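Subject: Structure for you to look at, with notes

Dear colleague,

I am passing on the structure we spoke about, and my notes on it follow below. Please have it open while you read.

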Amino acid sequence: MKYTKVGEKQGLLSPSALNTYIDCPLKFAHQYLLGLRDSEIENALSDPRIFGTVLHTSMEIIYKEHLNGQAVSRLFCESLFNDTDKLKSIIRQAAVSVLSSDGTNNIEVLGAKDELVLDVILNYLKLILISDASYAPFTIIGIESKVKTSWRMQIDDREFELLLGGFIDRVDSKDGVIRIVDYKSGKPEMRFKDWNDLIDSSKQKRPKEILQALIYCCVYHLNSKDDYSIKPVLYAMRGLEDGKLNADLKHGKNVIDHQELYFQAVQELIDQVLSDMFDSSRPFVGTTNSDTCKYCNFNDLCQKEEGY
């Protein structure tokens with residue numbers, strides 16, 4: 001498997017890939033081992049993946065000047081929040097960059113139908129900025145930061161070592177707390193009851209976004225030399241509470257705000273998933289969860305009808 005190769009060709013196993021495996025091992029094999037495309041991305045802002053990329057790129061533009069250690073102030077966030085014209089310019093810059101396949105950044109690539117989507121992104125950016133204003137001042141440590149760590153495990157008499165990691169949307173710091181921030185344009189689950197819920201593929205609404213955030217926190221912790229609290233944060237755009245972003249993740253009623261609350265448990269969950277993945281006696285079979293199959297673009301390969 002490419003993830004256990006040593007050297008330049010060793011693949012980086014991402015939290016998204018792990019989530020895909022949990023949902024459907026066969027889809028994981030199609031997408032990550034065989035390299036089949038999930039689907040062709042429509043070159044329009046209405047495509048959820050394009051939408052998300054434009055949102056992320058816009059936030060990268062907004063905070064790139066603070067990567068030199070300059071603190072993000074409340075005044076900066078509030079001023080930009082009130083400067084709608086500047087925000088629209090940033091979004092259009094991000095959209096053109098993403099949509100211009102030839103790299104020319106031709107403004108004509110934006111169609112009339114895209115304008116409504118641009119307004120939605122504008123509202124999302126304002127939600128982030130007003131939330132950041134209430135949290136400021138804070139320091140940006142990284143934007144779209146690549147993190148990875150070696151992960152060792154043993155299955156029976158075989159030892160494996162792979163690279164686990166990916167790209168974190170944002171890492172910021174304040175008062176001894178490092179936040180691993182993930183922007184979500186949807187409405188993810190923000191709370192879970194039992195640790196096993198995070199990898200239970202039979203659950204209709206498995207809290208996969210929480211698992212992804214916690215894995216990134218673990219990888220970051222393993223690479224960190226500082227004794228900071230590492231807190232996962234999801235900026236859930238459609239999970240508003242009193243008009244504000246709902247950012248805290250909870251295990252039961254408790255906010256997850258330090259690695260002591262999750263590190264060992266998440267390590268065990270990762271080992272459990274990887275043990276299944278690298279067990280040579282277990283084939284990559286399709287999921288039995290019909291909800292997972294409904295919107296899978298590999299349905300034709302699996303010879304499953306929509307609705308399964």
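The model is a predicted one, and I begin with its second largest pocket, where the residues of the lining divide into seven nonpolar, seven polar and four charged. This pocket holds about 350 Å³ of space, and of the 18 residues that line it, I22, P25, S201, D276 and R282 lie nearest its centre. Helix 1 (15-23) and helix 8 (263-277) each give at least two residues to that lining.

The cavity search gave a shorter result, since over the whole structure one cavity of 30 Å³ or more was found. The volume of the largest cavity is about 30 Å³, and its lining is made up of L18, I22, I199, L211, I215, L269, I270 and V273. Two or more of these lining residues come from each of helix 1, helix 7 (208-223) and helix 8, with helix 8 giving the largest share, three residues. By class, the eight lining residues are nonpolar, with no polar and no charged residues among them. You will see that I22 appears in the lining of the second largest pocket and also in that of the largest cavity.

Turning to the packing, the largest nonpolar core has 48 residues, and those with the most contacts inside it are L13, L164, I180, W195, Y262 and L274. Among the elements that each supply at least two residues of this core are helix 1, helix 2 (25-33), strand 2 (139-155), strand 3 (158-174) and strand 4 (177-184), while helix 7 provides the largest share, ten residues. Apart from this core lies another, of 41 residues, which includes L45, V54, L55 and Y124. In soluble globular proteins, nonpolar side chains tend to be buried together.

L164 deserves a look of its own: leaving aside residues up to four places away in sequence, L164 touches L12, L13, L18, V147, K148, T149, W151, I215, V219 and I270. Two of these contacts, L18 and I270, are also in the lining of the largest cavity.

Strand 3 is mostly covered, with twelve of its 17 residues buried, and it pairs with several other strands. With strand 1 (residues 12-13), strand 3 runs parallel over two bridges, and L12 has L163 as its bridge partner there. With strand 2, strand 3 runs antiparallel over 15 bridges, one of the partnerships being that of S145 with I168 in strand 3. The hairpin of these two strands has two residues between the strands, and in it D156 takes a positive phi near 55 degrees. With strand 4, strand 3 pairs in the antiparallel sense over five bridges, and R170 finds its bridge partner in V181 of strand 4. The hairpin of strand 3 and strand 4 also has two residues between the strands, and there D175 takes a positive phi near 50 degrees.

Finally, three strands form an open sheet with mixed pairing, in the order 5-8-9. Strand 5 (191-192) and strand 9 (254-255) stand at the edges and have a single partner strand each, so one side of each is left without a neighbour in the sheet. Strand 8 (residues 250-251) pairs with strand 9 in the antiparallel sense over two bridges, and H251 stands opposite N254 of strand 9.

With best wishes

Terms used. Residues are numbered from 1 along each chain as its sequence is written. This is a predicted model: local features need pLDDT of at least 70, side-chain atom pairs count only at pLDDT 80 or more; totals for chains, interfaces and linings use all residues. Side-chain values use heavy atoms; hydrogens and water are left out. On a 1 Å grid over the protein atoms alone, a cavity is a set of points where a 1.4 Å probe fits but cannot get out, and a pocket is an open set with protein on both sides within 12 Å along at least five of seven lines; lining residues have an atom within 4 Å of a point. Grid points are joined across faces, edges and corners, and a volume is the space filled by probe spheres set on the points. Helices (H or I, at least four residues) and strands (E, at least two) are DSSP runs, numbered from the N terminus. Ala, Val, Leu, Ile, Met, Phe, Trp, Tyr, Cys and Pro count as nonpolar, Asp, Glu, Lys and Arg as charged, and the others, Gly among them, as polar. Two strands pair if DSSP finds at least two bridges between them. A nonpolar core is a set of buried Ala, Val, Leu, Ile, Met, Phe, Trp, Tyr and Cys residues joined through side-chain atoms within 4.5 Å. Buried means under 20% relative accessible area, exposed over 50%, partly exposed in between (1.4 Å probe, protein chains only). Contact means heavy atoms within 4.5 Å.
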